Amino acid sequence: MDNVYLALDDAALAAEVDRLQADVDALAAKGLSLDMARGKPSREQVDLSRSMLDALDSGSCLEDQGQDAANYGVPDGLPSARALMASLMGVPASQVVVAGSSSLNLMFDCVAHGFVRGVRGAKPQCAQGPLRFLCPAPGYDRHFAVTEHFGFENVPVPMTPEGPDMDVVEGLVADPSVKGIWCVPKYQNPCGITYSDETVRRMAALRPAAPDFRVYWDNAYAVHNLYDEGDELLNIFDVLAGEGRDALVYEFASTSKVTFPGSGIAAVAASPADIADLKGSFAVERVCPDKMSQLMHVRSFPDVDAVRAHMARLAEVLRPRFELVERRLSEGLGETGCATWTTPRGGYFVSFEGPEGSASRIVELCRRTGVTLTGAGATWPGDDPRDSNIRIAPSYPTLEELDAALEVFCACARLVSAQLAAEARGLR
Ligand SMILES: Cc1ncc(COP(=O)(O)O)c(C=O)c1O
């Protein structure tokens, strides 16, 4: 559908801008203060993990399969924690290290490993000259921040409904200064799409010029389905095994959005040779991980089915929020033809595309009208070239707050779209 504001004659468009401005002014007068900025679980969701806190008490046995959780040692994580994360990630437990409470932290550690020490005996990247990293965009701002922090040039790669544009990726990896790519293969942040089988196969078939290139496969939303029928992601390690490749992918996951964000357990998986290489750096940076948290998790979730049952309960809380976003955006903007958005079946985000030049203005207008959104451009490494993408994070507010925030969002998006149409004609 075409942008309806472009079809209005000058007088009608000017009148429409005034009417939409009055709508926004009326909403601003309510003095709202709502936050849709970050993808945090709601209190209601987090409370569903409280029983995990009862898994241990002062009388509990603090051993897991003969390993002491209450002291130093067991640097790769407790056996049951490795088994649990391995079955979540679809890899053998021997190829998994469970460490810390943040997968982003492990990603940082892996980038640091390549930068300071070198991947599998390669020259440390810090001594290799200009470095580049591929950033499918829209994508996750904290990924981009990690590689920017190490001085990589972040190179945007367009996202398609099937995943990153693989023609572009295949072209760019011919450059030996390209050392990796950020991927969120399931319920991507923020688009919510799951990579197609074809994308996974082409990713696994990459022949990068740099031997120290790795795919950072951040499977943060592996079990985060909103519906019983979830998206299916092809297991990239199975594809790699079929091709006899022993290196290419570092996979990450955590229970941040399963149990307690910031106090979950996190894991990295890689080929046997890659994981041995990574452990060389991990052994220097920590004596061992926090195994008490691992013990609490495995006592509460003895297997992946227990995790899935828990995720189904979390989905009951999250699903109405996503459905509200879809309904409100359809009602508020569907007839205007000036925006598109995704309708994910899992994950934490909806990706919104407004007219070119609208995103920063919508975000700023929402802020002045009482609604904080993720900053415009956050989903891009550097600036969003069209200034059109906004990440909607519906998980944290209550349904009532979300409803009010979406009313503001739609009113602001309509007004900015009409203003842009008017300005393009020199009317304002
Ligand atoms: C794609 C993605 N990866 C990683 C994280 C952070 O995970 P963690 O808490 O395990 O560091 C997030 C959080 O929003 C995310 O969206």
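Visitor: Where does the ligand sit?
Guide: This is a predicted model, where local features need pLDDT of at least 70 and side-chain atom pairs 80 or more, while totals for chains, interfaces and linings use all residues. Side-chain values use heavy atoms, with hydrogens and water left out, and residues are numbered from 1 along each chain as its sequence is written. A pocket is an open set of points on a 1 Å grid over the protein atoms alone, where a 1.4 Å probe fits, with protein on both sides within 12 Å along at least five of seven lines; sitting there takes more than half of a molecule's atoms within 2 Å of its grid points. By that test, the ligand's home is the largest pocket.

Visitor: How do the residues of the shell around the ligand divide?
Guide: Residues around the ligand (a heavy atom within 4 Å) include Tyr140, Val184, Asp218 and Lys257. Sorting the shell by type gives five nonpolar, five polar and two charged.

Visitor: How far is the side chain of lysine 257 from an oxygen atom of the ligand?
Guide: Polar contacts here are N or O pairs within 3.5 Å. Leucine 104 takes part through a backbone N or O atom, 3.0 Å from a ligand oxygen, and serine 102 through a side-chain N or O atom at 2.7 Å. For an N or O atom in the side chain of lysine 257, the distance to a ligand oxygen is 2.7 Å.

Visitor: Why do phenylalanine 108 and phenylalanine 150 count as they do, stacked or tilted?
Guide: Theirs is an aromatic pair (ring centres within 6.5 Å; planes under 30 degrees apart are stacked, over 60 edge-to-face, the rest tilted). Phenylalanine 108 is in helix H5, and phenylalanine 150 is in the loop between helix H6 and strand S6, 42 residues apart. Their centres are 5.0 Å apart and their planes at 55°, so the pair is tilted.

Visitor: What is omega for the cis bond between asparagine 189 and proline 190?
Guide: Another cis peptide bond joins alanine 137 to proline 138, with omega about 5°, and proline 138 is in the loop between strand S5 and H6. Proline 190 falls in the loop between strand S8 and helix H8. For the bond from asparagine 189 to proline 190, omega is near 10°.

Notes: A polar contact is a pair of N or O atoms within 3.5 Å; within protein, one must be able to donate a hydrogen and the other to accept it, and residues adjacent in sequence count only if both atoms are side-chain atoms. On a 1 Å grid over the protein atoms alone, a cavity is a set of points where a 1.4 Å probe fits but cannot get out, and a pocket is an open set with protein on both sides within 12 Å along at least five of seven lines; lining residues have an atom within 4 Å of a point. Ala, Val, Leu, Ile, Met, Phe, Trp, Tyr, Cys and Pro count as nonpolar, Asp, Glu, Lys and Arg as charged, and the others, Gly among them, as polar. Rings of Phe, Tyr and Trp (its six-membered ring) pair if their centres lie within 6.5 Å; planes under 30 degrees apart count as stacked, over 60 as edge-to-face and the rest as tilted. Helices (H or I, at least four residues) and strands (E, at least two) are DSSP runs, numbered from the N terminus.
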